[in-house]
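Work through the following exercises with the sequence and the model side by side. Each task is followed by a solution that proceeds step by step.

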Amino acid sequence: MALTPLACVLLLLSMQCYISTLAVMLRTTNGKPWVNEFESIELSCMIESITTSNPRIEWKKIKNGEPSYVYFEKEIAGDLEKRAKIREPATLVILNATRSDTADYRCEVTAPSDQKSFDEILISLVVRVKPVVPRCSVPKSVPVGKPAELHCVEDEGYPKSQYQWFRNKEEIPEDPKTSPKFLNSTYTLNGEMGTLKFSAVRKDDAGAYYCRARNEAGFSECGPQLMEVYDINIAGIILGVVVVVTVLLCITVGIFCAYKRGYFTSQKQTGNNYKPPAKGDGVDYVRTEDEGDFRHKSSFVI
């Protein structure tokens, strides 16, 4: 006897319900949860259907492709030991999340008495970390018309920080044309890298600058640093160069004149260095009592 279409549908539904009652099935309320560092988070693993009275429940942490046990043989294991617990029947609660807990977590339930004896769900957890105080670099003084670069760096925040720059407590827009106060400024602001670059500073660019690092977990700021913008004194620079050249020229001429006059000879003749003239062949000189009076001895031969 052929079954009517309605009977076929009812048969299929009844078979599906029968199979479902003999299969373990899991569900989660949030497959991609997030939590701020040092707060608590639940990784929900809910058993929708099961007939086995004492199923085996396991949790594994998967980081960089490597799995490790988090809950095994009814004990918390690994780096979550003393920081997590199981909420019946299979939900994992992390009590004090840290940045190292960012990973994929897999809930596995094995039910030997069920026709479909195994099921699993994967949950991706993100632990957000508030930025620390960024390292800011601001030049102390820049001449008018010259370029200048300001830098802001922060490496601890997760997700990666975005950066904002402020001058005199007023936020600097990414596009200077959007604000009358910065309309004539020639800068480029990179919110991802934290750089503020002036192609040619103006007197109005002087002020106290500070940077803010921000992400979903919060923000941190560095202290304000003063950047001075000064005019270049061209006349003063030229005068200074002329003075230096003149001084160097005078020193050179003085040294040359002194050398010509013999002030730089290495040795001077003194009485101690006197040497008597060499004796001629066969001539012997004798000094008399009168200074400078010499006479020949009798041995002198012509």
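The chain exposes about 20,500 Å², of which carbon and sulfur atoms supply 57%. The model is a predicted one, and every value below is computed from it.

**Exercise 1. Describe the chain as a whole: how many helices and strands does the chain have, and what percentage of the residues count as buried?**

Step 1. Begin with the secondary structure, where the chain shows 2 helices and 23 strands.

Step 2. Turn next to burial, for which the cut-off is a relative accessible area under 20%; of the 302 residues of the chain, 32% count as buried.

Step 3. Finally, consider the contacts in the chain with a separation of 6 or more: residues 24 or more positions apart account for 58% of them.

**Exercise 2. Find the open sheet of 6 strands and work out which strands are its edge strands.**

Step 1. Trace the order of the open sheet, which reads β2-β11-β10-β5-β6-β7 with mixed pairing.

Step 2. Look for strands that pair on one side only; these are β2 (34-36) and β7 (75-76), the edge strands.

Step 3. Within this order, examine β10 (residues 103-110) and β11 (residues 118-128), which run antiparallel and are joined by 8 bridges. As a point of reference in that pairing, Val-109 has Asp-119 in β11 as its bridge partner.

**Exercise 3. Follow β19 and β21 to their partners, and decide for each pairing whether the strands run parallel or antiparallel.**

Step 1. Strand β19 (residues 207-215) pairs with β20 in the antiparallel sense over 4 bridges, and the two form a hairpin with 2 residues between them. Arg-214 has Phe-219 of β20 as its bridge partner.

Step 2. Strand β19 also pairs with β21, again in the antiparallel sense, over 3 bridges; here Ala-208 has Leu-226 in β21 as its bridge partner.

Step 3. Strand β21 (residues 225-230) is in turn joined to β13 (residues 141-143) by 3 bridges, and these two strands run parallel. In this pairing Val-142 stands opposite Val-229.

**Exercise 4. Decide which residues of strand β20 are buried and which are not, and relate this to the faces to which they point.**

Step 1. Recall that in a regular strand the side chains alternate between the two faces of the sheet.

Step 2. Apply this to β20 (residues 218-221), where Gly-218 and Ser-220 point to one face and are buried.

Step 3. Then take the other face, to which Phe-219 and Glu-221 point; these two residues are not buried.

**Exercise 5. Locate the disulfides, state where their cysteines lie in the chain, and determine the handedness of each link.**

Step 1. A search of the whole structure gives 3 disulfides. A disulfide is a covalent bond between the sulfur atoms of two cysteines.

Step 2. Cys-45 and Cys-107 form one of them, with their sulfur atoms 2.0 Å apart. This pair links distant parts of the chain, since Cys-45 lies in the loop between β3 (41-43) and β4 (46-49) while Cys-107 lies in strand β10, 62 residues apart. The angle about the S-S bond is -75°, and the link is left-handed. Cys-45 counts as buried because its relative accessibility is 0%, and Cys-107 is likewise buried, with a relative accessible area of 0%.

Step 3. Cys-136 is joined to Cys-222 with an S to S distance of 2.0 Å. Here too distant parts of the chain are linked, Cys-136 being in strand β12 (residues 135-137) and Cys-222 in the loop between β20 and β21, 86 residues apart. The torsion about the S-S bond is about -100°, so this disulfide is left-handed. Cys-136 is buried at a relative accessible area of 17%, and Cys-222 counts as buried at 9%.

Step 4. Cys-152 and Cys-211 form a disulfide whose sulfur atoms are 2.1 Å apart. The pair connects strand β14 (residues 148-153), which holds Cys-152, with strand β19, which holds Cys-211, across 59 residues. A torsion of about -85° makes this disulfide left-handed, and both Cys-152 and Cys-211 are buried.

Step 5. When the bonded cysteines are numbered in sequence order, the pairing reads 1-2, 3-6, 4-5.

**Exercise 6. Classify Cys-250 as buried or exposed.**

Step 1. The cut-off for an exposed residue is a relative accessible area over 50%.

Step 2. Cys-250 has a relative accessible area of 51%, and therefore it is exposed.

Technical notes
Residues are numbered from 1 along each chain as its sequence is written. This is a predicted model: local features need pLDDT of at least 70, side-chain atom pairs count only at pLDDT 80 or more; totals for chains, interfaces and linings use all residues. Side-chain values use heavy atoms; hydrogens and water are left out. Buried means under 20% relative accessible area, exposed over 50%, partly exposed in between (1.4 Å probe, protein chains only). Two strands pair if DSSP finds at least two bridges between them. A disulfide is a pair of cysteine sulfur atoms within 2.5 Å. Contact means heavy atoms within 4.5 Å. Accessible areas come from the Shrake-Rupley method with a 1.4 Å probe; for residues, only the protein chains shown count as cover.
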